[in-house]
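This briefing is meant to be read slowly, with the sequence and the three-dimensional view side by side. Each group of points below takes up one topic, so please find the residues in the view as they are named.

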Amino acid sequence: MKKVFRVLVIHGPNLHLLGTREPEVYGRVTLAEINQELQALGKKLGAQLETFQSNHEGEILDKISHSPDSIDGILINPAGLTHTSVALRDALLASGVAFVEVHLSNVYKREEFRHHSYLSDAAVGQVVGFGKQSYLLGLQGLIQHLGAL
Ligand code: DQA
């Protein structure tokens with residue numbers, strides 16, 4: 001029987017505001033819509049998804065550190081923590097779980113402080129700049145990496 005991959009989707013700080021937050025940068029799509037489309041794609045690809053959003057770094061670290069035995073991969077938009085958080089990098093490395101980093105916007109076209117990620121060199125891959133498609137492409141890449149496709 002084909003293995004069902006269990007994927008934890010993490011949305012970092014301020015992503016609960018999608019839809020109204022800087023629409024010229026992030027578009028009008030809401031987090032609920034992104035999660036819905038991810039769930040639908042996950043079903044098609046034979047993956048089981050749990051989605052999680054938090055504005056609190058510590059909550060995200062706790063979620064990651066409690067998860068390694070119950071998940072196969074992590075899809076993460078670390079939002080602002082991308083550019084600031086050694087602790088998030090450490091938590092992901094400590095978990096030993098393969099992860100893909102995604103961003104709605106093309107961070108490399110934006111302010112210079114967004115050009116550096118504390119996670120990208122440890123990620124399976126990074127998808128940036130495609131709006132909600134970044135998540136969907138990232139999920140496909142992660143599942144392919146995990147060996148499902
Ligand atoms: C973001 C890019 C980050 O620089 C920013 O802090 C975010 C969202 C994106 O999805 O484009 O909050 O991760």
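## Around the ligand

In this predicted model, the residues around the ligand are Arg21, Tyr26, Asn77, Ala79, Gly80, His83, His103, Leu104, Ser105, Val107, Arg110 and Arg114. The points below begin with the contacts made there and then turn to a helix, to a residue in a strand and to two residues in loops.

**Contacts with the ligand**

- The backbone takes part in these contacts, since a polar backbone atom of Leu104 is 2.8 Å from an oxygen atom of the ligand, and a polar backbone atom of Gly80 is 3.2 Å from an oxygen atom of the ligand.
- A side chain takes part as well, for a polar side-chain atom of Arg114 is found 2.9 Å from an oxygen atom of the ligand.
- Taken on its own, the ligand has 320 Å² of accessible area, and the protein covers 97% of that area.

**Helix 2 and its two sides**

- Helix 2 runs from residue 31 to residue 45, which gives it 15 residues, and the distance from its first C-alpha to its last is 21 Å, close to the 21 Å expected at 1.5 Å a residue.
- Which residues of helix 2 are buried? They are Leu31, Ile34, Asn35, Leu38, Leu41, Gly42 and Leu45.
- Seen down the axis of helix 2, these buried residues fall within an arc of 130 degrees, and therefore they line one face of the helix.
- A general rule is helpful here: an α-helix has 3.6 residues a turn, so residues three or four places apart point the same way.
- The other side of helix 2 carries the exposed residues Ala32, Gln36, Lys43 and Lys44.
- The buried residues of helix 2 pack against three strands, namely strand 1 (5–11), strand 2 (47–53) and strand 3 (73–77), and also against helix 5 (132–146).
- Asn35, which belongs to helix 2, counts as buried because its relative accessibility is 16%, where the cut-off for buried is under 20%.
- Leaving aside residues up to four places away in sequence, Asn35 touches His11 and Thr51.
- Just after helix 2 comes Gly46, which takes a positive phi of about 75 degrees.

**Val100 in strand 4**

- Val100 has its place in strand 4, which spans residues 98–103, and Val100 counts as buried because its relative accessibility is 4%.
- When residues up to four places away in sequence are not counted, Val100 touches Ile74, Leu75, Ile76, Val124, Gly125, Gly138 and Leu142.
- Along the chain, Val100 and Asp72 are 28 residues apart, and their C-alpha atoms are separated by 12 Å.

**Positive phi in two loop residues**

- Glu22 is not a glycine, although it has a positive phi of about 35 degrees, and Glu22 is found in the loop between strand 1 and helix 1 (23–26).
- Is Glu22 buried, partly exposed or exposed? With a relative accessible area of 36%, Glu22 is partly exposed.
- Ala79 is not a glycine either, and it has a positive phi of about 50 degrees; Ala79 lies in the loop between strand 3 and helix 4 (86–95).
- Ala79 counts as buried because its relative accessibility is 11%, and Ala79 is also one of the residues around the ligand.

Notes
Residues numbered from 1 in each chain as written. Predicted model: local features only at pLDDT ≥ 70, side-chain atom pairs only at ≥ 80, totals over all residues. Heavy atoms only, no water. Helix = DSSP H or I, 4+ residues; strand = E, 2+ residues; numbered from the N terminus. Expected span 1.5 Å × (residues − 1). Buried < 20%, exposed > 50% of the residue type's maximum accessible area, 1.4 Å probe, protein only. Arc of directions from axis to C-beta. Contact = heavy atoms within 4.5 Å. Near = heavy atom within 4 Å. Polar contact = N/O pair within 3.5 Å; in protein donor to acceptor, adjacent residues only side chain to side chain. Areas by Shrake-Rupley, 256 points an atom, 1.4 Å probe, with all protein chains shown as cover.
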